[in-house]
Amino acid sequence: MKKRRLAIRTLILLILGAAVAYTLYANFTKDDQLKVSVGQKAPDFILKDLQGHKHRLSDYKGQGVFLNFWGTWCKPCETEMPYINNQYQKFKDKGVQVLAVNISESNVAVENFAEIHKLDFPIVIDKDGQVQAAYGIDPLPATFLIDKDGKVVKYYTGQLSEETVKDLMNEIRP
Amino acid sequence: MNDVKCECGHVNPHGTVFCEACGKIHEDEEQEKKILDMRYEGSARRSQTYNKTVVDKIWNFFSSVKVGVWLIVVTLIASAIGTIFPQQMYIPPTIPPEDYYQSQYGWLGKMYYQLGFDNLYSSWWYLVLIALIGVSLVICSIDRVVPLYKALKAQRVTRHEGFLERQRVFGISNSENFNASISKARELLITRRYHVREENGDLLAEKGRFSRWGPYVNHIGLIIFLIGGMLRFVPGMYVDKVLWVREGETKVVPDTNGEYYLKNNKFILQVYDKNKDKAYQAALQSVGGTVPKNYQSNVTLYQKDGKSITGEKPKLKKVEDYAIRVNQPLSFHHYSLYQVDYKLDELDSMTFSLTNKKTGKSYGNLTVNLYDPKSKYDLGNGYYVKVLSYFPDFEFSNGQPTTKTRVPNNPAFVFKMYAPDKSKGETSFVAIRENIEPFGNNEYKMAFKAIGTKNVSGLTVRKDLTLWVIILGGILFMLGVIQGAYWNHRRIWIQRKNGKVWIAAHTNKNWYGLKMEIEMILDGTNLDMPTDQAQIEKA
C-alpha cells in the first residue's frame, strides 16, 4: 500500500516535472529558428552558381563541406570571405570543399562582390530563400561544418577569424 | 502508521478524523468540538499524515492550499507589474530598449528594464510560477478528490451518535408513534428527489452528491487550458509569421515546409471619396485628409506539385485566387493569411537613356530590374551598356561603395558604356541624383528617365491548432463552476437511537434551503424540527 502510494506519487511528480521542463525548454529554444542541429544530417539542396552550374550538397559526399551563408550587405561576411578563400586554397586538395550560399541577391551584385574579393570557391545563390528556410538561418554570416558522411559537425554564427577557419576546416578534413 | 479499525468494523486509513462508514470520531481534538468539521468528510488527507521520503515532502508542499493561494497571489502581483510600462514587443523597434525605457520613464523605467520586467510574460520565472500553479492544482485536486470519493462511497446509513449530534442541523424527537412518521417522511423525501437508503429502520437521504465533483471538473478544465497554452511551444502547433510579398512576386509561405507559395498580383489601397461616398460626407469633412476604405491584396495561392529538392524551382499548381482584405483572411489547411501592412511605391526598376552629352542625342533606353539587373544591355547599332557593379542600398563605408541591405532603397550602379566609337567603353557611376565620372570626361552618359514602382503587401501567416484545446478547457471550467454552484450536496439522517428519533442534516452550502426543505418534509409528521446548532452557538 505504502509502496504503491510512493510509486504513484513519484510517477505523477515525474510527469508534471517533465511537462514543466519541456515547456521551459521549448519556450527558450523557440527564438533560435535554427532547424538543423549538430549531429543531424544536413538537409540536401540544389542551387546554381554564377556560371549556371548546379551544385548538390549530397554530391560532395566523401568530402568535408564548409557551408557558408552570406550576403553582400553583411559586413562581417565581407571581412571573413578572404580568410575563407585563403584556407580554401590550402584545403581544396585535402578533401574540404567550400560552398558559399548567397541569400536572394541578384547575379550582378554577387558577381561583382566575388570579383572585388577574388573569390575562387563556388558561390551559389538561394534565389527564393528555400535553403535559408530549410536551415532556419537568420543572422549572417552562418557557417555549417559538414563531415564526409553529410552530418553537421559544428555550427558557427558570427565573423570568423582566419585561424578559426583553418581549425574548422581541419575538423572536417576526411 | 497503521490503518485504524473502527468499532463498527470499517478499516479507515491512518489520520482519518471520523470513521468513513459510521462516523465515530477518532481524533481526540474533534471530540471536544460541538460541531464537526465536515470538510472532505473528515478523510485523511494523506499528504498531512505521511511525510517520510523526499517525494512525500514535495507532494505535501504542493498539496497545501495555502501554498497554492500564495503562488496565485505572487503571480497576480507579477502580472500587474508587467502592465506598468509597455512590454518590449510594443515599444518602437527603432530605439534600443535600454535607451527607450530610460528616456520615456526615467530611472524607474531604467530599473524596470534592468530587472527584466520588459519581457516579463515570457521570462523563465514567470513561466515557472504558472507551471507551479499548474502542479499545485493537480496535486491539491488529487489529494482531496480521492479520499473524498472513498469516504462518500464508504458511508453507511446508520451513524454513530457522536457523529449525528455534532452535525450543524440536529435534533431529537420524543414522539410516540414514530414508525408511521418515518415512513411518511421517507415518501416525502423520495418525492423531493432524494436518494433514500434504509438499514435497520434508519434512513439516509442524499441528493446532489455530484455537485461535490464540481471543483475538480473545474480544475481539470484549468489544467487542459494550461496544456493548451503549453502546446503553443510545440513545433507545428502555432505559427505567427510575417510575409512581405511584392506585386508580381511569388514567395514560399513560411512554416509550411515549402508546401505553399503565394503570388501577389496587386495591392489595392482605397480611400473614401467625399463626392462618391455621400453617406459619410459630413464625417469625412470633419476629419479632413484621407480616410482609408479598403486594404486589399489580390493573391494567387499555389501548392507544390510533386517532390523537389530544396533550392530547385518547384512545380506549382494553382489552388485559388483570392482577395485578402482586413478581417477576410485567405484560409487553407489550418493556415490563415491576414492583411496587416503595406508599402506603396517601392522602387522596382529604373530606366536610363544612353545619351551623348554634347548633342543630347539618345541611343536607346534600358530598364534595369532592381531585383535582378542583367549584366549587359544591348541597345543595337553597336551601342551597349554593361553593369560592372550594383549596390541596391548604396552607401560609402571606409571610402568603399557598399550596400546597406539587399533591398533597393538607394540603388547605385557602375555602368560601362560602349559605342561604335568607344570600343574600350566609358565608366560612369550612377546613383540617385548623382553621376560621377571616375576616369575624367566622358562623351556619353546614362541619363535618368524614369522609375518603376511596385506596392508590397504585408501579410501575417497564422496557424493555431491549440485553440480547440483552450476552448475545451474553458468549457470544462464553466461546467465545473455550474456543477458546483447550482447544486448542493444534501444529506438527511433520520435514525432510531434508544427509542428516540435522531435527525441530523448536512449540506455543503445553502443551509437555509436545507432547513426549509426539512421543514416541508417533517410537516405533517410527529417528528420535531431539528435546530441549527451554529445559530444557537452564536446566540
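What covers the buried residues of helix H3 of chain A includes strand S3 (64-70), helix H2 (75-91), strand S4 (96-103) and strand S5 (123-126) of chain A, together with S15 of chain B. So part of that cover comes from the other chain, because S15 belongs to chain B while H3 belongs to chain A. H3(A) runs over residues 107-116, and its buried residues are Val108(A), Ala109(A), Val110(A), Asn112(A), Phe113(A) and Ala114(A). Just after H3(A), Lys118(A) takes a positive phi of about 50°. I should say now that this is a predicted model.

On confidence, I will stay with chain B. Its mean pLDDT is 89, and 98% of its residues reach 70 or more. Within chain B, helix H1 (residues 28-31) has the lowest confidence, at a mean of 76, and helix H10 (residues 467-486) has the highest, at 96.

Next, the interface. How many residues of chain B are in contact with chain A? There are 51 of them, and they meet 42 residues of chain A. The area buried between the two chains is about 3800 Å², with carbon and sulfur atoms giving 64% of that. Phe233(B), Thr310(B) and Arg406(B) supply 18% of the area that chain B buries against chain A, more than any other three residues.

Between chain B and chain A there are three salt bridges. In one of them, Asp56(B) pairs with Arg9(A), at 2.7 Å from N to O. The interface also has eight residue pairs in polar contact, both residues being at pLDDT 80 or more. On the chain B side, helix H2 (54-63), helix H5 (124-154) and strands S15 (383-391), S16 (394-397) and S17 (400-403) each supply at least two residues. Which of these gives the most to that side? H5(B) does, with nine residues. By class, the side of chain B that touches chain A has 27 nonpolar, 13 polar and eleven charged residues.

Now salt bridges within a chain. Over all chains the structure holds 26 salt bridges. Arg56(A) and Asp44(A) form one, with their closest N and O atoms 2.8 Å apart. These two are twelve residues apart: Arg56(A) sits in strand S2 (residues 54-56), and Asp44(A) in the loop between helix H1 (2-29) and strand S1 (46-48) of chain A. Arg56(A) is partly exposed at 29% relative accessibility, and Asp44(A) is partly exposed at 22%.

In chain B, Glu517(B) and Lys207(B) meet in a salt bridge of 2.8 Å, N to O. Here the partners are 310 residues apart, with Glu517(B) in helix H11 (residues 511-522) and Lys207(B) in strand S5 of chain B. Is Glu517(B) buried or exposed? Glu517(B) counts as buried because its relative accessibility is 3%, whereas Lys207(B), at 22%, is partly exposed. Salt bridges that share partners join both of them with Arg192(B) and Arg490(B) into one network.

Last, backbone angles. Most residues other than glycine have a negative phi, and most peptide bonds are trans. Asn200(B) has a positive phi of about 50°, and its place is the loop between strands S4 (195-199) and S5 (202-207) of chain B. Asn257(B) has a positive phi of about 55° and lies in the loop between strands S7 (250-252) and S8 (260-271) of chain B. Asn200(B) is exposed at 69% relative accessibility, and Asn257(B) is exposed at 74%. In chain A, the peptide bond from Leu140(A) to Pro141(A) is cis, with omega near -5°. Pro141(A) is in the loop between helix H4 (130-135) and strand S6 (142-146) of chain A.

Terms used:
Residues are numbered from 1 along each chain as its sequence is written. Chains are lettered from A and ligands numbered from 1 in the order in which they are written. This is a predicted model: local features need pLDDT of at least 70, side-chain atom pairs count only at pLDDT 80 or more; totals for chains, interfaces and linings use all residues. Side-chain values use heavy atoms; hydrogens and water are left out. Contact means heavy atoms within 4.5 Å. Buried area is the accessible area (1.4 Å probe) that two parts lose on being put together, summed over both. A salt bridge is a side-chain nitrogen of Lys or Arg within 4 Å of a carboxyl oxygen of Asp or Glu. A polar contact is a pair of N or O atoms within 3.5 Å; within protein, one must be able to donate a hydrogen and the other to accept it, and residues adjacent in sequence count only if both atoms are side-chain atoms. Helices (H or I, at least four residues) and strands (E, at least two) are DSSP runs, numbered from the N terminus. Ala, Val, Leu, Ile, Met, Phe, Trp, Tyr, Cys and Pro count as nonpolar, Asp, Glu, Lys and Arg as charged, and the others, Gly among them, as polar. Buried means under 20% relative accessible area, exposed over 50%, partly exposed in between (1.4 Å probe, protein chains only). pLDDT is the predictor's confidence in each residue, from 0 to 100.
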